[in-house]
Amino acid sequence: MRFVTVLIMLFTFSVNAQAKWEEASAVIETSTHEMLKILEHEELLVEEQQENLLSELDMALSPVVDFDYISKVVMGKYYRKASDEERAAFSGVFKTTLLKTYAKAIVGFKIEKYEIVRPQKRSPSPQKQIVNVNVFAADGTKYSLVYYMKKGDGGWRLVNALLDGINLRLTFKNQFADMVQKNRGDVGAVISSWKEKVDPGKSEA
């Protein structure tokens, strides 16, 4: 009887995990579809229209990407040392960083179609799911996108991504730590410098 109970529990867990992946992948499906619709507007893809492109991406990605969570992780141990104002400032700066990084990627990829790859094994935690997406350029080149999704009170949100093997969150975290060391622990100076690189000429006085 105990063996049967264990089997039922394992089956229930498997079904629940599969359902959670379906939920997370549906969010990515919708978001990716919206991205492709934005790319159909070729007038947005020229450099002079970057601000408009970023605005469109912001509207599409803000409900999906947990910018605050990712910026907190990127700050790492320095998050505790930062003031509330510095945390809020970096969250905004980092959001712009991600939007510009994503814009550069999707424009450069020249995506023609995509496919969501079903997982070969289930996630150990139903509330955390990995969604793999293959995107294909017009010349047939395939790129691999891996989205790390986490479910909270607000639903499924993206908390990390790999763009063709590059871990965005880890890359930016290492960059932030390196800048803090070069600035002798001055988090505020790092944020100002980061902002100047992302939005030249728009740093606060």
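In this predicted model, two bridges connect strand β4, which spans residues 155-163, to β5, and the two strands run antiparallel to each other. One place to find this pairing is Leu163, whose bridge partner in β5 is Ile166. The pair belongs to an open sheet of five strands, arranged in the order β1-β2-β3-β4-β5 with antiparallel pairing. At the edges of that sheet stand β1 (111-117) and β5 (166-167), each of which pairs on one side only.

From the sheet one can move to the helix that lies across it. Helix α4, made up of residues 84-109, lies across β1, β2 (128-137), β3 (142-152) and β4, and its direction makes an angle of about 145 degrees with β3.

The charged side chains offer a further way through the structure. Side chains of opposite charge can pair when their charged atoms come close. Counting as a salt bridge any side-chain nitrogen of Lys or Arg within 4 Å of a carboxyl oxygen of Asp or Glu, the model contains six salt bridges.

One of them is formed by the side chains of Glu22 and Arg118, with an N to O distance of 2.6 Å. Because Glu22 sits in helix α1 (residues 2-39) while Arg118 sits in the loop between β1 and β2, this pair ties together parts that are 96 residues apart in sequence. Glu22 counts as partly exposed, since its relative accessibility is 34%, and Arg118 likewise counts as partly exposed, at 46% relative accessibility.

Another salt bridge joins the side chains of Lys151 and Glu23, here with an N to O distance of 3.2 Å. Lys151 belongs to strand β3 and Glu23 to helix α1, so the pair ties together parts that are 128 residues apart in sequence. With a relative accessibility of 28%, Lys151 counts as partly exposed, and Glu23, at 33%, also falls in the partly exposed class.

A further salt bridge lies within a single helix: Asp178 and Lys182 are both located in helix α5 (residues 168-182), four residues apart, which corresponds to about one turn of the helix. The closest N and O atoms of Asp178 and Lys182 are 3.3 Å apart. Exposed means over 50% relative accessible area, and partly exposed means between 20% and that value; Asp178, at 35% relative accessibility, therefore counts as partly exposed, whereas Lys182 is exposed because its relative accessible area is 64%.

Terms used:
Residues are numbered from 1 along each chain as its sequence is written. This is a predicted model: local features need pLDDT of at least 70, side-chain atom pairs count only at pLDDT 80 or more; totals for chains, interfaces and linings use all residues. Side-chain values use heavy atoms; hydrogens and water are left out. Two strands pair if DSSP finds at least two bridges between them. Contact means heavy atoms within 4.5 Å. Axes are lines fitted to C-alpha atoms, for helices over the stretch in contact, and angles run from 0 to 180 degrees between N-to-C directions. Buried means under 20% relative accessible area, exposed over 50%, partly exposed in between (1.4 Å probe, protein chains only).
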